[in-house]
Structure formats: structure tokens, C-alpha cells
Amino acid sequence: MSSAPERDGRPLVYGLRIGVWYATLFVAGSMAIVTLTYLLASASLAQRDRQLIDSKLGLYATAYDRGGLDALAATVQAEQQTAPERLFVRVVDRGAEAIVLSQPQGWDVASLETGSIRLADGTLVQVGKSTEARDDLLARFRAALGLVTLSVVLIALTGGVIATQTAVKPIRQLTEAVQRIIATGRTDSRVPIAEHRDSIDELSALFNAMLDKIEGLVTGMRGALDNVSHDLRTPMTRLRASAELALAGPPDIGRYREALADCVEEADRVLVMLTTLMDITEAESGAMPLKREPVALADIVSRAVDLYRDTADAKGVTLAASADDGVRASVDRTRLEQVAANLLDNAIKYTAAGGRVEVSARREGGRAVLRVSDTGLGIPPDEQPRIWDRLFRGDQSRAERGLGLGLSLVKAVVEAHGGAVSVDSQLGHGSTFTVSLPPEP
Ligand code: ADP
């Protein structure tokens, strides 16, 4: 348990790691876009200046060709008066003598974007444009981009933290639930599930379903243990009493033998009871392993009848069987045989000589139906709802052997198969037990 706080933080660290990754990628992407935008803007401004310089050089070359230096000077002057942007213009003749035709006041010649053209007579015409305005624009652009980048980083970090915390919340809840279960051993903890069901919610729902199942099993087993320990107390006390009584008197081999025979009988009862109780609990809790296969109910009927033919004959009870063709169900053969045997055993047991017991297999409304009816004692209406309870024995059946577990097992096994069992009985006229099983898939 000492490592619990350490485990606590894991989803948080995981969330933080995803958040940092997300924010880093987001910021890197945004920076790349911002840098590209800046470079494109800067290149486009430089290109615009170059185009302007080239067009002026063309204009001045034409003027010079037309009227020499005077025409060039006149054009420059006219240009300087009308054009919005004033330019630096210099002419260098073949004698390398430079004549500056225009140099706007206060210009720093070093921060000029320049271009030149050499005319046919070797004269060099140079045009320069100040980069000051451009640099100023780019500086403001850089400041704006800086602000944008800062906002992007803040948004990315906040968004990253919120998004990842939301994403890891169900994982954290799952972890907390598991920790609670480990720490307390209680399986009643459940993970909350959001309304919009995403894949993590599906996982949480499955986890809850698994806990339901485990809780059912644990509760079932605990109940079984309580029942078994309670139900075994009586036969164990009887067993002990037999032995104690035999030991109490003077040594007598005949009495000892009798007491030992009683003990063996009682021990057998205890063993049968134990096995049946465990079977009932397993079936009720859903833990009973069922080897399902398509089974023809006619086979079940004929095996049960074969098994009880002698008992029925010995008691003078007529045993009849009938089965529709092709009635099949997907069941565990051994368990269904056990169900049929228990019902048939009761029917013969609670029917007096001269009575009749019928076993049938039918297809009714798409379901496979196994029916055992007798013309025996019948069950009083007030007892009918209780006959399915563990260890319940009817008033008039006390004379018969039995543990009061047969019908509980029948019900648990049939329901474990997804089926249902019911009784229709009239006191003094007989009973009909109906097992209805879902059809083959
Ligand atoms: P057991 O037969 O060992 O007493 P069961 O669980 O099989 O236990 O049956 C519970 C009770 O239901 C019986 O004690 C009896 O009172 C009643 N019962 C079951 N089957 C029949 C039947 N075919 N006819 C009359 N009573 C029955």
C-alpha cells in the first residue's frame, strides 16, 4: 500500500506529458507559420523596392538616350516632385566623375537598396531607395508577430492542460476505483461514466460490469458459505450425537456398529448436501461452468425414464414418456439430465402406488419444453412459492427421504441456462413441473 501515492500521480504525469507534447507541437507549428509569414512579407517588400528601382532605371535610361544628361536631370526633377517616394539618383560618366542628381535630405546612403544600369556610351546611372520605411514596417510586423506567438503559446499551454486533464480524467477515476478496491477489499466502488460514451467510457462501463460480476460471485460465495455452515450444523450435530451416545454407555459391539452405521449415513447426507449446496450457489451466481451443446430433449427424457423405471415399477407407479421429433436445446447435457432426474425422482416419490407419472418433451412457441407431471399428493397453494427455497420441505413430504434441495438446484440450473421453471399443482390431484428452455441459437 505504501506505493499508493506514487501510483496516484501516474495519470497526472501521463496527462502532463501528453500536454507538453501537444503544446510543443502546437507552438512549433505556429512558430514555423509565423516565421514563414515574416520571411514572405520581407521578401515581398524587397521585391517591390527592386521593381520600383528597375522601372526608374528604365525611365531614366530612356530620358538620357533621348536628351542626354539634361533630359535625365529634368526627368529626375519632375519625378521627384510628383512621385510619392523620393529616390537617390547618381550618374557616373566614363571619366568616373559622379554627378548626384538627387539625394533627399537626411538620407543615410548606407541604408539604401540600389540598382544601376550602364548606358550605351558607358555612363552608369544609379538609383537608390531608402530601406528605412521598409525596415520600420518589418520591425512593427515583428512586434505584432511576437505578440501573436506569445498568445499562441499561452493558448496552447492552457488548451493542452485542459484537453489532457479532461482526457485523463476517466483513467484517473478508473485508477482511483482500482486503488479503493485494493485498499479496502470492497467491490462496491464504481467508476462514474460520462453521458457521451467514448472509448474510455466504454472501458469504464466494462470495468463496472466486471465489478458487478465479481461482486455477484463474491456475494454468492459468501452466502453459500453462510448457508453451508448453517445447514451442515444440524446433520453434523446429529452425527456427533450418535457417536457420543455410543461412547457414553458400556462397551457394546452391537451398539457401536449401529452408531457407526448411523454416522456413515449421516456423513453421506452431509456430503450430498455439501455438493448440492455448492452446485446451487455456483449456478445462482453464474459461476457454474456449462458445457453447452445442441441436445435432443428426447434423449434426456429416455435416459431419465430408463434410470427411474425400476423405482417406479417397485412403487407401482406407471411411468410414461413422449417426445416431439427434433426438439433440441443448447444445454449442458449432464446438468439437464440432473434436472430431469430430480423432477422425476420427486414425481415418483410423491405419488402413491397406482398413480401415473408422465415425462414429455415438446416444442411450444419456439421454446423447448420439458414437462414432468404426476397424479400424486399435489402441493398446497401456500407452499407452492416456497418449494424452490433451499432446504424447504413440504409438511406432507416429511415421511419421504429428501434434503429439500432438489427443486432449488433445478431452478438454479434451468435459470443458469436462460430458461424458466414453473409448477402447476392441485392438492390431492397431482403436480406438473414445466421447464422451458430458450431455442437453439
Ligand atoms: P425434497 O423432495 O428433498 O423434499 P425438493 O426441493 O425436491 O426437496 O422439493 C421441495 C418440496 O416440494 C418437497 O418437500 C415437497 O413438499 C414439494 N414437492 C416437490 N415435488 C413434488 C411433487 N412432484 N409432488 C408433490 N410435492 C412436491
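Hi everyone. Let me start with a definition: a residue is called buried when its relative accessible area is under 20%, exposed when it is over 50%, and partly exposed in between. Keep that in mind as we go, and please also remember that this is a predicted model.

Let's begin with the aromatic residues. How many aromatic pairs does the structure hold? There are 2. In one of these, the ring centres of Y38 and F141 sit 6.3 Å apart with their planes at 20 degrees, and because planes under 30 degrees apart count as stacked, that is what we call this pair. Where do the partners come from? Y38 belongs to helix α2, residues 10–82, while F141 belongs to helix α3, residues 132–184. The two are 103 residues apart, so this pair links distant parts of the chain.

Now back to our definition. Y38 has a relative accessible area of 18%, so it falls under the 20% cut-off and is buried. F141, at 27%, is partly exposed.

The pair of W388 and F433 has another geometry. Here the ring centres are 6.0 Å apart and the planes stand at 80 degrees, which makes the pair edge-to-face. W388 is found in the loop between β9 (367–374) and α8 (406–416), and F433 in strand β11, residues 430–437, so the contact ties together parts that are 45 residues apart in sequence. Are these two residues buried or exposed? W388 is buried, with a relative accessible area of 15%, and F433 counts as buried too, at 7%.

Let's move out to the surface, and to helix α5, which covers residues 253–285. Which residues gather in a patch of negative charge there on the surface? They are E258, D262, E265 and D268. Take E265 as our example: this residue lies in helix α5, and its relative accessibility of 55% is why it counts as exposed.

Helix α5 also has a part in a nonpolar patch. M221, L271, L274 and M278 make a nonpolar surface patch of about 330 Å². Which element gives the most to this patch? That is α5, with 3 residues. M278 is placed in helix α5, and its relative accessible area of 35% makes it partly exposed.

So if you have the structure open, have a look at α5 with both patches in mind: E265 of the negative patch lies in this helix, and M278 of the nonpolar patch does as well. Thanks for listening, everyone!

Note on methods
Residues numbered from 1 in each chain as written. Predicted model: local features only at pLDDT ≥ 70, side-chain atom pairs only at ≥ 80, totals over all residues. Heavy atoms only, no water. Patch = residues over 30% accessible without salt bridge, like charges linked within 9 Å, V, L, I, M, F, W, Y side chains within 5 Å. Areas by Shrake-Rupley, 256 points an atom, 1.4 Å probe, with all protein chains shown as cover. Salt bridge = Lys/Arg side-chain N within 4 Å of Asp/Glu carboxyl O. Lys, Arg positive; Asp, Glu negative; His and termini not counted. Charge placed at Lys NZ, Arg CZ, Asp CG, Glu CD. Helix = DSSP H or I, 4+ residues; strand = E, 2+ residues; numbered from the N terminus. Buried < 20%, exposed > 50% of the residue type's maximum accessible area, 1.4 Å probe, protein only. Phe/Tyr/Trp six-rings, centres within 6.5 Å; stacked < 30°, edge-to-face > 60°.
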